[in-house]
Amino acid sequence: ERKYYSTTEIGYMEFGTALKAFLSPGEMYSELLVGGYGLRYSDYNSLRQDYGDNVILFDLMDDAAGYICPDETYSVMGYKYNPESGELEDDSWCLVVSMGKNTASVLMKAYADLVAECDATRA
């Protein structure tokens with residue numbers, strides 16, 4: 001089995017207690033920030049669900065890693081597989097420019113680890 005790897009950077013900033021900013025290497029789907037239908041089958045919450053409504057997102061920071069969508073809605077060439085019908089369905093986004101189907105879950109875990117590390121330094 002062939003596997004390809006790449007590295008990228010993420011970031012996290014706090015402006016006192018008023019504002020938290022996550023720095024994304026690509027263009028994140030809004031569900032990853034605010035929640036919604038795209039996360040309905042997800043194993044992770046949106047950033048605002050986990051860290052509060054005072055969270056903002058800076059996209060395309062440090063890299064241009066492509067589109068970052070919830071793992072469950074990732075599609076290639078504008079189509080995704082529907083396990084209920086067993087067919088390919090149209091999707092409004094053509095995700096050829098993406099690092100892959102697990103990009104969101106990898107980044108969301110990395111964000112959680114980064115916030116935990118920052119919280120631990122304040123303790």
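**Strand pairing.** I started with strand E2 (residues 19-23) and its pairing with E4: the two run in the parallel sense, over 4 bridges. This is a predicted model, so I read every value here as computed from a prediction. I then looked for the residue opposite Leu23 and found Phe58 in E4. On the E1 side I got the antiparallel sense, with 5 bridges between E1 and E2. For Tyr12 I noted Phe22 in E2 as the bridge partner.

**A helix on the sheet.** Next I checked what H3 does here. H3 packs on the sheet and touches E1 and E2. I put its direction at about 45° to that of E1.

**Sheet layout.** Which order do the strands take? I wrote down E1-E2-E4 for an open sheet of 3 strands, with mixed pairing. E1 (11-15) and E4 each have a single partner strand and stand at the edges, so one side of each has no neighbour in the sheet. I also took the average turn between neighbouring strands, direction ignored: 20°.

**Faces of E4.** I went along strand E4 (residues 55-58) to see which side chains sit on which face. Val55 and Leu57 make up the covered face, while Ile56 and Phe58 are on the uncovered one. So Phe58 is noted twice: on the uncovered face of E4, and opposite Leu23.

**Gly35.** I moved to the loop between helix H1 (30-34) and helix H2 (47-51), where Gly35 lies. Is Gly35 buried or exposed? Its relative accessibility is 17%, and the cut-off for buried is under 20%, so I count Gly35 as buried. What does Gly35 touch, once I leave aside neighbours within four places in sequence? I found contacts with Ser30, Ser46 and Gln49. I looked at Ser46 again: Gly35 and Ser46 are 11 residues apart in sequence, yet their C-alpha atoms are 4.9 Å apart in space.

**Largest pocket.** Last, I opened up the largest pocket, with a volume of about 350 Å³. How many residues line the pocket? I have 15 in my notes, with Ser6, Met99, Asn102, Thr103 and Val106 nearest the centre. By class, the lining divides into 8 nonpolar, 6 polar and 1 charged. I also asked which element gives the largest share of the lining. That is helix H3 (residues 103-122), with 3 residues. H3 thus turns up twice in these entries, in the pocket lining and packed on the sheet.

Notes:
Residues are numbered from 1 along each chain as its sequence is written. This is a predicted model: local features need pLDDT of at least 70, side-chain atom pairs count only at pLDDT 80 or more; totals for chains, interfaces and linings use all residues. Side-chain values use heavy atoms; hydrogens and water are left out. On a 1 Å grid over the protein atoms alone, a cavity is a set of points where a 1.4 Å probe fits but cannot get out, and a pocket is an open set with protein on both sides within 12 Å along at least five of seven lines; lining residues have an atom within 4 Å of a point. Grid points are joined across faces, edges and corners, and a volume is the space filled by probe spheres set on the points. Ala, Val, Leu, Ile, Met, Phe, Trp, Tyr, Cys and Pro count as nonpolar, Asp, Glu, Lys and Arg as charged, and the others, Gly among them, as polar. Buried means under 20% relative accessible area, exposed over 50%, partly exposed in between (1.4 Å probe, protein chains only). Two strands pair if DSSP finds at least two bridges between them. Axes are lines fitted to C-alpha atoms, for helices over the stretch in contact, and angles run from 0 to 180 degrees between N-to-C directions. Contact means heavy atoms within 4.5 Å.
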